[in-house]
Amino acid sequence: MEIVGVGEQLRQSEERYQHLVHMLPDGLLVYSEGAIVFANHAFLGIVGASSLEEIITLPIKNFIHFDYWEPFAATINYLIRETNPTNSVYYKLHDMNQGTVEVELRAVSVKFDGKPAVQLIVHDVSDQKRMEASLQEKDYLYKSLMENVVAGVFVGHKNNIVYANPYLSEMFGYSEEELFKLSTYDLVSEEECNKVKAVVLDGMERGMDHFALKFKGIKKDGSFIYLEGNSSIIMFNGQPCLLGTVQDVTFKEEKERLLRDNAKLYQKMIKFVPEPIVLTDEGIILYVNKLAMQIIGINDDAEVIGKSAFDFFHDTHRDTLKETMQSIMSSDEATPFQERVIIRPDGQLMDVELSSIRINNYMGKDVMLSVLRDLTDRKRSEEILIRSEKLSAIGQLAAGVAHEIRNPLTALKGFTQLLSAKYPEQPHYFTIMSNEIDRITLIVNEFMTLAKPHFSQFHNEPLEPILQSVISILETQAILLNVELKVHYDQSHPMVYCNVDQLKQVFLNIIKNAIEAMPEGGEVSLSVTTMKDGYVHIRIKDGGPGIPEDLIKKIGEPFVTTKEKGTGLGIMISTRIIEAHKGTLQLSSAINEGTVVEITLPIQELPPSLG
Ligand code: ADP
Ligand code: MG
């Protein structure tokens, strides 16, 4: 073992401690009587000195930032009284280049070379401060981002709002303090609460860091706000929390609602439109109303919905229809009504007219609305018009012909009389000839009056000759059909205030119907009776098959006919004429017994005063 002296031992121990002191990460400084007597490497580093020699003997005050002289003096005072070290406090020091160093400083009183001294332990916090400052800056940055972002941001923990940015509180109309007292779900409308809870729970369970959030919120004033955004689960204060950012989409939602309402309105309107309507989307039938179903000949709209509208037209029309459809969809105008023939599912062909227009945004789509019109009735009345046109043309022709016949008839009559005078031994033939010529003249005259235009001229006229002239026209037809016309007048010879031509037309219609009811022959009886009630009753009775009950209700409506060549206008016109004469016309019928038509007309005893 090497023997060393006490001095040497001490020297070795001092070296060891010196080494340790120099290796300390914190600065160490000793000063005595106001001047620096020792400093370790770390301190030299803090103040930027290159060696101990540079600072030794310098006054300590040189290194204390003048803002801290006062607290430093207080520290010294403390150390004079106390042996315990001071707490670590924040100080600013000057370094060798007149820069500032931020430190934390502890002081303790010591002895140095037998003299009272102060030892300072200096911990450089500049870096930490800088870091803190930058952290604070970042914090500030994030905070200001949060506060100024134009979206609502909130953090919820276990249903409590632990953070909400000003935008969110403004959105909902709460102050920030009020928000913190609320549960997260106080902001969600009642009807959507469970839905939102489920979404959040699902998100949490699946650990999704992003999921969409969409809900109807409720504001402080009770009004609704529609929100859309994202949320994620974050760790906040060591707890899993819900971070959400939301945007106010009320405007968008309102617009969508408006569109939906519009669509509903459309649907309602379409349902109430009293026209047959079909809605199609690119040719596919979306909707048909009841009236359209009648035209198409279906009872259930399911039979056509989803089918192509083109199926209802003949193949050869398909291309033009497609073209028309395209032009409709690119225009705002409705097409004029166009005649088309549709093929009903039962195979029947229908004459229809079609007009179509584009409808925007029906259930979110642009669709085509077509209005149908049944042309069958119109076609039929057109035909009838044509026929009555023909009839009146024939009537006029007949009048012309009648006129032509009348003149030769006059000649014939004259010569017949001349001949009968020349051959008195054969009076019988001439009488027949003369009577027949009279009959022809009568009929021809009647033709002429019927064909004459009808002026509604009313006069007091005896009824019997009016009836008689009609009978003479119909007699021939009656004989041909083996029908006997029996007439009975009650000898009252009533006068009626009437339009002769019109009354003739009525009797012609009614008696003709009676004859036509008995194609196998029979009897038509006519009776004219003046009643005490001031009316004359004209009764026309036939022995035909009668009119079934369901039909008799309809008779008198236009075009109701059971005859192949009938017009279904006779009774209607007759009734109108009789009503214009302040009379009545009634049909009664018994199956297999015949039909009775009873006409009443007011009797005119005296000519009405014309004044
Ligand atoms: P049209 O004679 O042209 O058919 P009308 O209006 O005169 O038109 O008559 C309508 C229908 O009423 C007839 O088609 C027929 O079915 C029925 N009808 C009218 N009169 C009689 C009658 N005397 N007997 C049986 N049916 C009748
Ligand atoms: Mg008739």
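User: Does Tyr91 count as buried or exposed?
Analyst: Quick caveat: this is a predicted model, where local features need pLDDT of at least 70, side-chain atom pairs count only at pLDDT 80 or more, and totals for chains, interfaces and linings use all residues. Residues are numbered from 1 along each chain as its sequence is written, chains are lettered from A and ligands numbered from 1 in the order in which they are written, and side-chain values use heavy atoms, with hydrogens and water left out. Buried is under 20% relative accessible area, exposed is over 50%, and partly exposed sits in between (1.4 Å probe, protein chains only). Tyr91 has 3% relative accessibility, so it counts as buried.

User: Phe43 and Phe63 form what kind of aromatic pair?
Analyst: Rings of Phe, Tyr and Trp (its six-membered ring) pair if their centres lie within 6.5 Å; planes under 30 degrees apart are stacked, over 60 edge-to-face and the rest tilted. By this rule, there are seven aromatic pairs. For Phe43 and Phe63 the centres are 6.2 Å apart with 65° between the planes, which makes the pair edge-to-face.

User: How many residues apart in sequence are the parts that Phe43 and Phe63 tie together?
Analyst: Elements here are DSSP runs numbered from the N terminus: helices (H or I) of at least four residues, strands (E) of at least two. Phe43 belongs to helix 2 (residues 41-47), while Phe63 is in the loop between helix 3 (52-55) and helix 4 (69-81), so the parts they tie together are apart in sequence by 20 residues.

User: What relative accessible area does Phe63 have?
Analyst: Its partner Phe43 is buried, at 1% relative accessibility. Phe63 is buried too, and its relative accessible area is 3%.

User: Which strand holds Tyr91, the partner of Tyr68?
Analyst: Tyr68 and Tyr91 make a tilted pair, 5.4 Å centre to centre with 45° between the planes. Tyr68 is in the loop between helix 3 and helix 4, so the pair links parts 23 residues apart in sequence, with Tyr91 in strand 3 (residues 89-94).

User: Which residues form one aromatic cluster with Tyr68 and Tyr91?
Analyst: Tyr68 counts as buried, at 18% relative accessibility. Tyr68 and Tyr91 share their cluster with Tyr31, Phe72 and Tyr90.

User: Which element gives the largest share of the largest nonpolar core?
Analyst: A nonpolar core is a set of buried Ala, Val, Leu, Ile, Met, Phe, Trp, Tyr and Cys residues joined through side-chain atoms within 4.5 Å. The largest one has 35 residues, and Phe507, Ile511, Ile538 and Ile599 have the most contacts inside it. Elements giving two or more residues include helix 14 (463-480), strand 20 (535-541) and strand 22 (594-602). The largest share, nine residues, comes from helix 15.

User: How many residues does the second, separate core have?
Analyst: Ile46, Ile60, Ile64 and Val122 are among its members. The count for this second core is 25 residues.

User: What volume does the largest cavity have?
Analyst: On a 1 Å grid over the protein atoms alone, a cavity is a set of points where a 1.4 Å probe fits but cannot get out, and lining residues have an atom within 4 Å of a point. Points join across faces, edges and corners, and volume is the space filled by probe spheres set on them. There are two cavities of 30 Å³ or more. The largest has a volume of about 370 Å³.

User: Which helix gives the most to the lining of the largest cavity?
Analyst: The lining has 23 residues, with Ala309, Phe313, Leu354, Met368 and Ser370 nearest the centre. Elements that each supply at least two residues include strand 11 (277-281), strand 14 (349-362) and strand 15 (365-374). The most, four residues, comes from helix 11.

User: How many charged residues line the second largest cavity?
Analyst: About 110 Å³ of space lies in this cavity. It has 14 lining residues, and Phe154, Thr184, Val188, Leu213 and Phe215 are closest to its centre. Ala, Val, Leu, Ile, Met, Phe, Trp, Tyr, Cys and Pro count as nonpolar, Asp, Glu, Lys and Arg as charged, and the others, Gly among them, as polar. The split is 13 nonpolar, one polar, and charged: no residues.

User: What phi does Asp113 have?
Analyst: Asp113 is in the loop between strand 4 (100-112) and strand 5 (115-124), and at 71% relative accessibility it counts as exposed. Asp113 is not a glycine, yet its phi is positive, at about 50°.

Note on methods
1 Å grid on protein atoms, 1.4 Å probe; cavity = no way out; pocket = protein on both sides within 12 Å on 5 of 7 lines; lining within 4 Å.
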